[in-house]
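This briefing is intended for a reader meeting the structure for the first time. It covers aromatic residues, nonpolar cores and cysteines.

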Amino acid sequence: MNLCQRGLLRAQTNALKVIVPELDPEPPLTRGAQPIGDGYVLLTAHDEEERLVRDVMQINALINFFTQHGKPERISDGKFSLERWARLCLPNGQIARCAWKEIENGLTRNSRNVKFRDDGSTHFGEVLYYFQTKIVNEEKEPLGTYAMVSVYGKADANLLSKSSHTLRIIHYKGSEDLRIIKAKSITSVVALFPFILSDDEKKNPNICAQYLQSFFVGEKPFLDFTTNTTDPSQEDIEEAGASAE
């Protein structure tokens with residue numbers, strides 16, 4: 001079968017799936033997966049029991065978030081206990097991971113940097129982990145799913161303007177700007193590449209200081225037009241050993 005025939009067959013198959021959706025059923029959820037609605041699914045690994053949050057910067061981020069939104073269900077004597085989740089399947093089929101497991105398992109790939117919406121603006125961040133909790137307030141909100149995120153700095157406006165909004169350089173701030181966001185505010189997984197200076201730029205201490213720990217954003221094209229056709233089970237098979245608790 002030549003390339004033209006393959007293309008025709010693919011087009012016919014896709015047309016049939018659109019006309020008769022029953023021909024393309026969604027793959028079954030894998031063991032331990034937990035749908036949270038709107039096409040988002042939490043995937044293992046996850047803590048088998050609650051773990052006390054000990055990092056001071058993470059505690060401050062939790063305090064700031066719950067001060068604005070209400071008291072969390074799992075808090076005792078001012079201490080937070082959480083069950084962490086390692087991965088989140090997005091509606092577009094991408095798998096957003098987190099620093100907790102990627103660093104612990106020594107994974108060479110990096111799929112923990114995400115694009116998300118917060119306060120009406122678009123941001124980029126590194127996910128540390130995902131978690132669920134109920135917020136005790138007057139509205140009695142249901143169980144919510146959140147992510148602990150290290151937010152990158154704003155894009156370099158000068159380079160962004162000169163590149164016609166193509167070269168987006170952002171600065172990694174680590175634990176300086178930790179934020180709790182809703183998991184459903186994450187729109188996609190992005191690639192972040194080190195922003196490498198030229199030999200002449202490296203000789204300028206001001207430029208070196210300005211672009212220290214800076215990265216440029218790479219986004220997968222046409223994600224807004226894709227649907228969730230990725231089977232999370234393939235990811236689970238690939239990481240069966242690494243994701244085990």
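In this predicted model, Phe 66 counts as buried because its relative accessibility is 7%, under the 20% limit. Its neighbour in sequence, Phe 65, is likewise buried, at a relative accessible area of 9%. Both residues take part in aromatic pairing, as set out below.

**Aromatic pairs**

- Nine aromatic pairs occur in the structure.
- The ring centres of Phe 65 and Phe 66 lie 5.1 Å apart with their planes at 80°, so this pair is edge-to-face, given that an angle over 60 degrees places a pair in that class.
- Phe 66 also pairs with Phe 80, in a stacked arrangement with 5.9 Å between centres and 20° between planes.
- This second pair links distant parts of the chain, since Phe 66 belongs to helix α2 (residues 56–69) and Phe 80 to strand β6 (residues 79–82), 14 residues apart.
- Phe 80 is buried, as is Phe 66.
- One aromatic cluster is formed by Phe 65, Phe 66, Phe 80, Tyr 129, Phe 131 and Tyr 146.

**Nonpolar cores**

- The largest nonpolar core comprises 37 residues, and those with the most contacts inside it are Leu 62, Leu 88, Tyr 129, Tyr 130 and Ile 186.
- Leaving aside residues up to four places away in sequence, Leu 62 touches Val 53, Phe 80, Leu 82, Phe 131, Met 148 and Ile 180.
- A separate second core has seven residues, among them Ile 170, Leu 192, Phe 215 and Val 217.

**Cysteines**

- The count of disulfides is zero.
- Cys 4 is exposed, at a relative accessible area of 66%, whereas Cys 89 is buried, at 2%.

How values were computed. Residues are numbered from 1 along each chain as its sequence is written. This is a predicted model: local features need pLDDT of at least 70, side-chain atom pairs count only at pLDDT 80 or more; totals for chains, interfaces and linings use all residues. Side-chain values use heavy atoms; hydrogens and water are left out. A nonpolar core is a set of buried Ala, Val, Leu, Ile, Met, Phe, Trp, Tyr and Cys residues joined through side-chain atoms within 4.5 Å. Buried means under 20% relative accessible area, exposed over 50%, partly exposed in between (1.4 Å probe, protein chains only). Contact means heavy atoms within 4.5 Å. A disulfide is a pair of cysteine sulfur atoms within 2.5 Å. Rings of Phe, Tyr and Trp (its six-membered ring) pair if their centres lie within 6.5 Å; planes under 30 degrees apart count as stacked, over 60 as edge-to-face and the rest as tilted. Helices (H or I, at least four residues) and strands (E, at least two) are DSSP runs, numbered from the N terminus.
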